[in-house]
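Me: I'd like to learn how to read a structure like this one, feature by feature. Could you walk me through it?

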Amino acid sequence: MTSIRCWTVIAGMLVLTASLLGLATAPAETCLSPFVKRLDRPEKYLYVFCVDADAKDNDFLAVIDVDASSTKYGQILYQLDLGSAGNETHHFGFTDDRTHIWGCSLFSNRLFVINVADDPAKPKLVKSIDSFKETGFTGPHSPYALPGRMLISFLGGKDGGIPAGIAEFANDGRFIRKFEFGGEAPYGYDVAINPDLNRMVTSSFTPPRNYRKPLAKMDLKQFGDKLLIWDFRDRKVLQTLTTAASPLECRWSLKKDAKHGYVNCALADSIWVWEGDAENHYTTRKLCDTGKLPVDLSQSPDGRFLFVSCFASDEVQQWDVSDLKNPKLFSTAKPGVEPNMLHLTGDGQRMYVTNSLLSTMDRSQDFWVRLIRVGPDGMKMDPKFNVDLTKLKTGPARGHDMLLY
Amino acid sequence: MFAMGLLVALLNPAAKTEDSRLAVIRTPADFTLTAEDGKPFQLSSLRGKVVLVSFVFTTCNGTCPATTHRMVLAAETLAKAGLSDKVHLLSITLDPARDKPAVLRDYMRLYDIDPKHWTFLTGSQEQIDKVLSDWGMWARPAANGQLDHPSRVFLLDPRGRLREIYDLQFFRPPWVREDVQLLLKKAGKRTAQP
C-alpha cells in the first residue's frame with residue numbers, strides 16, 4: 001500500500017467513523033425513520049397535519065413558527081390547502097433527504113406529497129396519490145423513509161377489511177411493490193426498522209371498517225395483538241409475536257447496541273418491550289402499566305426515557321427505562337385534554353404535543369398545539385407556547401402528526 | 001442458524017412476499033458523460049454487468065470521502081469473490097465546474113482506484129443536472145460553502161434496471177456482495193432459459 005493511499009484510507013476511515021457515529025447519535029426525533037437526514041440546527045418550523053374538524057373545508061398542513069428568536073414565535077405562518085376535505089389526514093413523514101413530506105389519509109386513502117425544501121415557510125403540494133388504486137390496501141398510516149423510497153404501512157385491505165399490508169413507493173410517487181399480511185396477524189399499523197440488526201417490526205391496530213365507526217360502536221374483537229419481526233433486506237417475516245391488545249407505535253431502543261424496542265398497547269394501558277437474544281430471536285413482555293389509552297410513544301436521544309401520551313387520562317408520562325427489569329415513572333405532564341402526538345426535538349429538550357386522535361374518537365373540541373420542556377427534573381409545560389387550533393378562518397381543526405424543519 | 005431462520009421464514013405465513021427481495025424500482029434513462037480519461041462514456045455500455053453508482057465531488061468534506069471509501073471496500077470484497085469482471089463502479093461528480101477529468105484522475109489516484117473496474121464521470125452542468133434529476137438526486141450550495149446532497153449508492157442489474165438504493169448505513173460490503181451475487185444468479189437463469 002502506498003503511503004498516500006495509507007493516509008487516504010486512514011482519513012477515509014476517520015471520516016467514515018465520524019459519519020457513522022453521527023448517524024448513530026442522530027436518531028433523535030425518535031419517531032422518524034433512521035434513514036431520514038437529521039436537522040443540524042434548532043428547529044424553525046413545526047408542520048402540523050390538520051383535519052378540518054367538521055369536514056366541510058379542505059384539510060391542510062399548518063406551518064407554525066418555532067424559531068425562538070422570531071417575532072412570530074408560536075404563530076401559524078401559513079396553511080397549505082390540501083385541495084380536498086374529509087381525508088382524515090393523520091401521520092406524515094419525511095423522505096430520506098428531508099426535502100418532501102408524505103402525508104397519509106385514513107379515510108380517503110390519499111397520500112399527499114409535499115415539497116418543503118424549496119420554501120420551508122410555504123410548502124407546496126406536489127401531488128396526491130390514490131393509494132388504494134396503486135396497492136389495493138386501505139387506510140395508509142405510517143410513511144417511513146427508505147433510501148430513495150417511502151415505505152407505507154396500511155391498516156386495511158379491500159373494502160376496508162383485512163388483511164392489511166405494507167407497500168413501497170419511489171420518492172417521486174411511483175408504486176414499486178407491496179406485501180400483504182396474513183395468517184394469524186392480518187392487522188397493520190406502524191413500522192420501525194433497525195438497520196444495524198437488519199430487522200423491521202410492524203404492529204397492528206384495526207381496519208378502516210372498524211375505526212370509521214364512532215368509538216362506542218367499534219368492535220373490540222377486531223383489533224390486533226401481534227408484532228411481526230421481519231428480515232428487512234429480504235422483506236420476509238421471521239416471527240409473529242403476541243402482545244396485549246392494539247400494539248401501536250414501534251420504537252427501537254436508541255441505546256448503543258440495544259436489541260430491544262418498545263410498543264404502546266393502547267387498549268391494554270401498557271407499554272410492552274420486544275427483546276432479541278444473541279441469535280436475533282425475539283420475545284415480548286409487558287414493561288409497565290401506563291395511564292389510560294396510551295396512543296403515542298417517544299424516546300429520549302440516549303434511550304433512557306420513554307414518553308407516552310395517555311389520551312383518556314389527559315397526561316403525558318415520562319418513564320425511566322434504563323433498567324428494563326425495573327422501569328420507573330419519572331415525571332408526568334398535564335398538557336390539557338386528550339394529549340396525543342408527541343414530537344421530541346433532536347436535543348431531547350422540547351416536545352411538541354397535539355390533541356386529536358381520530359375524528360371518530362375525539363371527545364373534546366378544544367384543539368391545540370402545546371410544548372413540554374424536558375429537563376433533568378423531568379417534564380414541565382411551557383405556558384408561553386399555546387397554538388389555538390379552534391379559531392381559524394375555516395373553523396376548528398384537529399391537529400395530529402407533526403414534523404420539524 | 002441460517003437454515004433455521006430460513007425454515008422459520010418459510011413456515012411463517014404472516015406475509016405474502018415477492019420472490020425477489022430486490023424489486024425493480026425503475027430503469028434510469030441512458031446517458032453519455034465524460035470519463036476521467038476525457039473520453040465519452042455511455043451508461044448502456046455496461047449492460048451485462050452489475051453496476052454500482054455513487055454521486056460525489058472531489059472537494060467534499062462531508063459524506064463523499066466515506067462513500068468513496070466504502071466503495072473501495074466493496075470493490076475489494078467483490079474482487080475477493082472473483083466478481084470484478086462482472087461488476088463496474090461509477091462515480092458521477094456533483095460539481096462538474098471543478099471536477100474536470102484531470103481532477104478526477106488525481107482523486108482516483110488518492111484511493112488507488114483501478115480505472116478498469118471503476119469510472120469517474122463529469123460533464124457540462126446541464127448534462128449533470130439532467131442525470132441528477134433522472135436519478136432523483138440533487139445538489140445545492142450549503143451555508144458552509146460545500147454542496148448539500150443526499151448520500152446514496154444505486155445498484156443496477158445487468159439489464160440496467162435499478163434494484164436497490166443504499167445509504168451509507170446500509171452500504172455494507174458483505175451485503176453488497178450478496179446483492180450482486182443474487183442479481184448475477186438471476187441474470188444467469190434468465191440467459192439459460194430457452
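**Reading burial, cores and backbone**

Reply: Sure, let's start with a single residue: Thr67(B) counts as buried, because its relative accessibility is 5% and the cut-off for buried is under 20%. Keep in mind as we go that this is a predicted model.

Me: Where does Thr67(B) sit, and which residues does Thr67(B) touch?

Reply: Thr67(B) belongs to helix H2 of chain B, which runs over residues 64–80. Leaving out residues up to four places away in sequence, Thr67(B) touches Ser54(B), Val56(B), Ser151(B), Val153(B) and Leu168(B).

Me: What about Leu33(B), buried or exposed?

Reply: Buried, as its relative accessibility is 2%. You'll find Leu33(B) in strand S2 of chain B, residues 32–35. With residues up to four places away set aside, its contacts include Lys39(B), Phe41(B), Ile92(B), Leu121(B), Gln127(B) and Val131(B). For a sense of distance, try Leu33(B) and Leu182(B): they are 149 residues apart along the chain, and their C-alpha atoms are separated by 29 Å.

Me: How should I think about a nonpolar core?

Reply: The general idea is that in soluble globular proteins, nonpolar side chains tend to be buried together. Here, the largest nonpolar core has 55 residues, and the members touching the most others are Leu52(B), Val53(B), Phe55(B), Ile92(B), Trp135(B) and Val180(B). Strand S4 of chain B, residues 50–56, gives the most to this core, with six residues. Apart from that core lies another, of 32 residues, including Ile166(A), Val191(A), Leu227(A) and Trp230(A).

Me: Which residues is Trp135(B) in contact with, leaving aside neighbours within four places in sequence?

Reply: Among them are Arg26(B) and Pro28(B), the aromatic residues Phe31(B), Phe55(B) and Phe154(B), and also Leu43(B), Val53(B) and Leu156(B).

Me: Let's turn to chain A. How many helices and strands does chain A have?

Reply: Three helices and 28 strands. Chain A is as compact as a globular protein of its length, because its radius of gyration is 20 Å, close to the 22 Å that the globule rule gives for 405 residues. Along the principal axes, the C-alpha atoms of chain A fill a box of roughly 70 × 55 × 45 Å.

Me: What do burial and contacts say about chain A as a whole?

Reply: Of its 405 residues, 64% count as buried. Among contacts in chain A with a separation of 6 or more, 51% come from residues 24 or more positions apart. As for the surface, chain A has about 14,800 Å² accessible, and 52% of that belongs to carbon and sulfur atoms.

Me: And how do I read the charges?

Reply: Count both signs, then ask where each set is centred. Chain A carries 48 positive and 49 negative side chains, and the centres of the two sets lie 1 Å apart.

Me: Which backbone features should I look at in chain A?

Reply: Look at omega before prolines, and at the sign of phi in residues other than glycine. The peptide bond from Ile162(A) to Pro163(A) is cis, with omega near 10°, and Pro163(A) lies in the loop between strand S9 (149–156) and strand S10 (165–170). Arg235(A) has a positive phi, near 55°; it sits in the loop between strand S14 (226–231) and strand S15 (236–242).

Me: Where is Ser246(A), and is Ser246(A) buried or exposed?

Reply: Ser246(A) is in the loop between S15 and strand S16 (247–252) of chain A, and counts as buried at 0% relative accessibility. Its phi is positive too, near 65°. Arg235(A) is likewise buried, with a relative accessible area of 3%.

Key
Residues numbered from 1 in each chain as written. Chains lettered and ligands numbered in written order. Predicted model: local features only at pLDDT ≥ 70, side-chain atom pairs only at ≥ 80, totals over all residues. Heavy atoms only, no water. Helix = DSSP H or I, 4+ residues; strand = E, 2+ residues; numbered from the N terminus. Rg over C-alpha atoms; globule rule 2.2 N^0.38 Å. Buried < 20%, exposed > 50% of the residue type's maximum accessible area, 1.4 Å probe, protein only. Contact = heavy atoms within 4.5 Å. Areas by Shrake-Rupley, 256 points an atom, 1.4 Å probe, with all protein chains shown as cover. Lys, Arg positive; Asp, Glu negative; His and termini not counted. Charge placed at Lys NZ, Arg CZ, Asp CG, Glu CD. Core = buried A, V, L, I, M, F, W, Y, C linked by side-chain atoms within 4.5 Å.
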